[in-house]
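Visitor: I am new to this structure and would like to learn how its descriptions are justified. May I see it and then put my questions to you?

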Amino acid sequence: GAIADEAYVGEQLGLVETLFLDFYPDSTLYRLLPLKLLLCGELNLRTENGKLTLYNVYSGYDYLAFNWGNEDVLALTNTQKNTFKNEVNYAFLTRLLNSGRIVEDASFYEGMNYEDKVTQANMYERGFIKAGTKQENDVEIYIQAIIQTPYEDLVAEPADKDYTNKGILHAKKDVNGYIRKKYDILVNKFKENYGIDLQSIGNVVLK
């Protein structure tokens, strides 16, 4: 990716601060941020078929690289900003999980059956929020749901045949209370151990 245009770095930094850094206590950032934060003018990466894909963020070996250091930053819609927020925080948090800097709580997995296929028809009653969930990606799936969904949507009554994250904490979907149990373990653990309030990230939706 190209280096950020100086004329737009202020705007870009504002985006990174309000939709990413501000969600974390300084002590946590100091401890857990990678060595380098790169501000890029363009963040395009070639995929297998040689096609250029535009990224909001890219997590590298010792860096996080951010897009939008160009004039387009002035015209970002709220929808684009929400996507930026979701992707950047998800990239940071999964990076910490994958490197073992953040360790999930073993009790999150208690009583969960990962042997039998998780299907759309049986996932909610079994404590899963996505079909095909495996043990190694369950925490990440939950984190993604929490950081991109306001609490009021998580507890709202879902419509029939709704397989979005809406209502996953409502009795209609969470018939056995397993989802709430896993949600609470995850949210409390992140707060207590790392000072990270996952739900406060989910509650920020620009409209």
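Visitor: Why is Glu157 called exposed?

Guide: In this predicted model, Glu157 has a relative accessibility of 52%. The word exposed applies over 50%, so Glu157 counts as exposed.

Visitor: What makes the pairing of Glu157 with Lys172 a salt bridge?

Guide: The closest N and O atoms of Glu157 and Lys172 are 3.4 Å apart. A salt bridge requires a side-chain nitrogen of Lys or Arg within 4 Å of a carboxyl oxygen of Asp or Glu, so the pair qualifies. Both residues lie in the loop between helix H6 (151-154) and H7, so the salt bridge ties together parts that are 15 residues apart in sequence.

Visitor: How do you know whether Lys172 is buried, exposed or partly exposed?

Guide: The relative accessible area of Lys172 is 38%. Buried means under 20% and exposed over 50%, with partly exposed in between, so Lys172 is partly exposed.

Visitor: Which residues are joined with Glu157 and Lys172 into one network?

Guide: Asp160 belongs with them: salt bridges that share partners join Glu157, Asp160 and Lys172 into one network.

Visitor: What makes Lys173 and Asp162 a salt bridge, and are these residues buried or exposed?

Guide: The closest N and O atoms of Lys173 and Asp162 are 3.5 Å apart, and the limit is 4 Å. The pair therefore meets the definition. Lys173 and Asp162 both lie in the loop between H6 and H7, so parts that are 11 residues apart in sequence are tied together. Both residues are buried.

Visitor: What is notable about phi of Lys161?

Guide: Phi of Lys161 is near 55°, a positive value in a residue other than glycine. Lys161 also lies in the loop between H6 and H7. With a relative accessibility of 73%, set against a threshold of over 50%, Lys161 is therefore called exposed.

Visitor: Why is Trp68 called buried?

Guide: Trp68 has a relative accessibility of 10%. Buried means under 20%, so Trp68 counts as buried. Trp68 lies in the loop between S5 and H3, and its phi, near 80°, is likewise a positive value in a residue other than glycine.

Visitor: Where is Glu71 found, and what makes it exposed?

Guide: Glu71 is found in the loop between strand S5 (63-66) and helix H3 (78-98). Its relative accessible area is 53%, and exposed means over 50%, so Glu71 is exposed. Glu71 also takes part in a negative surface patch, formed by Asp5, Glu6, Glu42, Glu71 and Asp72.

Visitor: How many salt bridges are found in the whole structure?

Guide: A search of the whole structure finds 6 salt bridges. One of them joins the side chains of Asp62 and Lys36, with N and O 3.2 Å apart. This pair links distant parts of the chain: Asp62 is in the loop between strand S4 (57-59) and S5, Lys36 is in strand S1 (residues 36-39), and they are 26 residues apart.

Visitor: Why are Asp62 and Lys36 called partly exposed?

Guide: Asp62 has a relative accessibility of 21% and Lys36 a relative accessible area of 39%. Buried means under 20% and exposed over 50%, so Asp62 is partly exposed and Lys36 is partly exposed.

Visitor: Which elements do the buried residues of H5 pack against?

Guide: They pack against H3, helix H7 (178-194) and helix H8 (198-202). The buried residues of helix H5 (residues 135-147) include Val139, Ile143 and Ile147.

Visitor: Which residues is Gly195 in contact with, beyond its neighbours within four places in sequence?

Guide: Gly195 is in contact with Pro25, Thr28 and Phe190. Gly195 and Pro25 are 170 residues apart along the chain, and their C-alpha atoms are separated by 6.5 Å. Gly195 is in the loop between H7 and H8; at 35% relative accessibility, Gly195 counts as partly exposed.

Visitor: Why is Thr53 called partly exposed?

Guide: Thr53, in strand S3 (residues 52-54), has a relative accessibility of 24%. Partly exposed covers what is neither under 20% nor over 50%, so the description applies to Thr53. Not counting residues up to four places away in sequence, Thr53 touches Leu43, Asn44, Leu45 and Thr47.

Terms used: Residues are numbered from 1 along each chain as its sequence is written. This is a predicted model: local features need pLDDT of at least 70, side-chain atom pairs count only at pLDDT 80 or more; totals for chains, interfaces and linings use all residues. Side-chain values use heavy atoms; hydrogens and water are left out. Patches are made of residues with over 30% relative accessible area and no salt bridge: like charges are joined within 9 Å, nonpolar side chains (Val, Leu, Ile, Met, Phe, Trp, Tyr) within 5 Å. Accessible areas come from the Shrake-Rupley method with a 1.4 Å probe; for residues, only the protein chains shown count as cover. Lys and Arg count as positive and Asp and Glu as negative; His and the chain ends are not counted. The place of a charge is taken as NZ of Lys, CZ of Arg, CG of Asp or CD of Glu. Helices (H or I, at least four residues) and strands (E, at least two) are DSSP runs, numbered from the N terminus. Buried means under 20% relative accessible area, exposed over 50%, partly exposed in between (1.4 Å probe, protein chains only). Contact means heavy atoms within 4.5 Å.
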